Amino acid sequence: MVANPVIGHVAAAFAEAGHDLHLVGGPVRDALMGRGVHDLDFTTDARPDAIEAVLKGLTKATWDMGREFGTIGAVVRVGDAEETVEVTTYRADSYDPASRKPTVSFGDSLVDDLVRRDFTVNAMALSVVSGAFADPHGGLADLEAGVLRTPSTPEVSFSDDPLRMMRAARFASQLGFTPAPEVVDAMTDMAERIDIISAERVRDELSRLLLSDAPRAGLDLLVRTGLADRVLPEVAALVREVDEHGRHKDIYQHTLTVLEQSIDLERERGHAPDLVGRLAAVFHDIGKPRTKKFEAGGKVSFHHHDVVGAKMTKKRLSDLRFSSDEVKAVAKLVELHLRFHGYADADWTDSAVRRYVRDAGDQLERLHILTRADCTTRNARKANRLRTAYEQLEWRIDALAEQEELDAMRPDLDGTQIMEVLGIRPGPEVGQAYKFLLEKRLDEGPLGEERAREMLLEWWAQR
C-alpha cells in the first residue's frame, strides 16, 4: 500500500512542509484485511489552509470538502497512477444534544484524534512520512477477532456522532464483524439519539448497509437495538406480528429471507448490487400489520397489503430523502409484488401478460427478482410449482416481446394520426382515443394501421 506512488508523492510534499501525514481509518483497515483500497484518507497536524497549500502544489484538482471540519480533497496523479485523496486536520468532533451538526475543534495529537474515531478497527494509523504504525486502542487485535469496539466508551463515541450506531450495523453486514456486548447495550440505550441526525445521513448509511454483501445481520441489529423503531418503524413493526398460533408465517423473518434471496438472484442474473430492488424486498410486506384480519375458521388475511404497503413505502422513503425516482420505483414494486399469484392460480391470456409487462414498465426485471424471491415456503411441491409457473411466465413474456415489441407497448396509431383520422384538433378526445387503441393493442396484440383505423372510426361513431 505504501508503495503506491501517489502516497509517496503526497507524503514527501507534507514532509517538506514540515508536517506529518498518516493514512488512517478505512484504508488502513482494508489493507490489513487484504481488501481493495480505493480512496485515501489521511490525517495531519497541518491546519486546513496549510493542507490546501500543500495539495495545490501537487495538483489543480483540489476542493474544499468542509473546511470547518478540517477536510480538503484532491485528485493526485503520478505517472499512470491517480488517486482521490482526503486530508483532515487532527480533530475532535462532538454533537450538541439539540443540534444536527457536529462542533469541531482541531488538535495537535494523533493519539487524541484516534480516540475520537468511531471504532478501534478504524483507529489505526500509518505515518507515510516516518513509517510508524499507531494502534493505541487494540484495533489490530479486534480486526483479527472480528469484533467491533469503540476507542472510548460507546456512550462517548455515540454521543460524539449518533450515526455511528447505524455504522455499527453496517459494519456487521459489510465486514462480518460482531459488535461487542457493550456496543449493543449502548445502541439500545441511546437509540433515540439517532433522531438528531439528518435524514440524508441516515439514508446514506442505510443505503450502504443494504448494498453490502450480507445486509441481514445489520438490519437485524437495527431492529434488536430499537434503532429501526426510529428510522424504519414499518420494518420494526413486523417483529410484533409473530403469530403464536402458527396461522401465518413470521413476516419479519420472511422479509429478511426475501432480501437474501433477492441478492442471490441479482448475482445469478448478472446484476450489480441494486438498492431499489433491495429496498423493495425490505418493504414489500410492510402493509401486512395494517391489513391483518382474522377470518372465519381461524385463518388470517392481509387483503390489499400491497396497495397499503406501497403508500407506506412512499412516505417512509420520502421522509428519508430518497430521490423521487427511487421512491416511485420501490413503491411500484411493492404494489405489484402480488400480481403474479393470479398467474400461478390460473392460466393468463396473452392480454393479461401484456398488461403485466405494461404495468411493470421499466421495473420488469426487478419485479421478476422480487416475485421469485418472495417464495419462502418450506413446502417443496408448492415451491417447485411457483418456480415453474414463473419460469413459464417469463418465457411467455420473452416470446411475446420478440413477436410484438412489448417494450414499445404503443397503439398502432400515434396522436397525430388519430387527429388526422378523426378530423379533430388537440384535446382530451385525442387522449381518450389513444387509450382506446392501447387497450385494443393489449387485448389483441398488434393490429396494423388499417385495422386500427377501422376500429377507431367504429369507436368514434358509437360515442
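**Sheet, cores and buried positions in a predicted model**

Ala-74 stands opposite Val-85 of strand E5. The structure is a predicted model, and this pair serves as the entry point to its sheet. Val-85 also stands opposite Leu-40. Two pairings of E5 lie behind these positions. Strand E4, residues 71-78, pairs with E5 in the antiparallel sense, over eight bridges. Strand E2, residues 40-44, pairs with E5 (residues 81-89) in the parallel sense, over five bridges. A further position in the E4 pairing is Val-76, opposite Glu-83 in E5.

E4 and E5 form a hairpin. Two residues lie between the strands. One residue in the turn, Gly-79, has a positive phi of about 65 degrees.

These strands belong to an open sheet of seven strands. The order is E3-E4-E5-E2-E1-E8-E9, and the pairing is mixed. Which strands stand at the edges? They are E3 (62-66) and E9 (133-134). Each has a single partner strand, so one side of each is left without a neighbour in the sheet. In a regular strand, side chains alternate between the two faces of the sheet.

The protein as a whole has 463 residues, and buried residues make up 50% of them. Its secondary structure comprises 24 helices and 13 strands. The C-alpha trace spans about 90 × 60 × 40 Å along its principal axes. The accessible surface comes to about 21900 Å². Carbon and sulfur atoms account for 49% of that surface. Among contacts between residues at least 6 apart in sequence, 66% join residues at least 24 apart.

The largest nonpolar core has 108 residues. Those with the most contacts inside this core are Phe-14, Phe-42, Ile-194, Leu-219, Leu-232, Tyr-356 and Leu-393. A second, separate core has 14 residues, including Leu-413, Phe-436, Leu-437 and Trp-459.

Tyr-356 illustrates the surroundings of one of the residues of the largest core. Beyond its neighbours within four places in sequence, Tyr-356 is in contact with Arg-339, Phe-340, Trp-348, Leu-364, Leu-367, Thr-371, Tyr-390, Leu-393 and Ile-397. Trp-348 is also in contact with Arg-396. Arg-396 is found in helix H21, residues 380-404. Is Arg-396 buried or exposed? Its relative accessibility is 15%, so Arg-396 counts as buried, the limit being under 20%. With neighbours within four places in sequence left aside, the contacts of Arg-396 are Tyr-343, Trp-348, Thr-349, Asp-350 and Val-353.

Helix H14 covers residues 275-283. How many of its nine residues are buried? Nine of the nine are, so H14 is largely enclosed by the rest of the structure. The buried residues run from Leu-275, Val-276 and Gly-277, through Arg-278, Leu-279 and Ala-280, to Ala-281, Val-282 and Phe-283.

Two of these residues, Ala-281 and Val-282, are in contact with Thr-255. Thr-255 has its place in helix H13, residues 251-268. At 4% relative accessibility, this threonine is under the 20% limit and therefore counts as buried. Other contacts of Thr-255 are Leu-238, His-284 and Asp-285, again leaving aside neighbours within four places in sequence.

Ala-11 lies in helix H1, residues 5-16. This alanine is buried, with a relative accessible area of 5%. What does Ala-11 touch, not counting residues up to four places away in sequence? It touches Leu-21, Val-128 and Val-129. Arg-453, by contrast, is 75 Å from Ala-11 in space, C-alpha to C-alpha. In sequence the two are 442 residues apart.

A nonpolar patch on the surface is formed by Leu-32, Phe-133 and Leu-140. Together these residues have about 250 Å² of accessible area. Leu-32 lies in helix H2, residues 26-33. Its relative accessible area is 43%, so Leu-32 is partly exposed, a class that lies between the limits of 20% and 50%.

Terms used. Residues numbered from 1 in each chain as written. Predicted model: local features only at pLDDT ≥ 70, side-chain atom pairs only at ≥ 80, totals over all residues. Heavy atoms only, no water. Pairing = 2+ DSSP bridges. Helix = DSSP H or I, 4+ residues; strand = E, 2+ residues; numbered from the N terminus. Patch = residues over 30% accessible without salt bridge, like charges linked within 9 Å, V, L, I, M, F, W, Y side chains within 5 Å. Areas by Shrake-Rupley, 256 points an atom, 1.4 Å probe, with all protein chains shown as cover. Salt bridge = Lys/Arg side-chain N within 4 Å of Asp/Glu carboxyl O. Buried < 20%, exposed > 50% of the residue type's maximum accessible area, 1.4 Å probe, protein only. Contact = heavy atoms within 4.5 Å. Core = buried A, V, L, I, M, F, W, Y, C linked by side-chain atoms within 4.5 Å.
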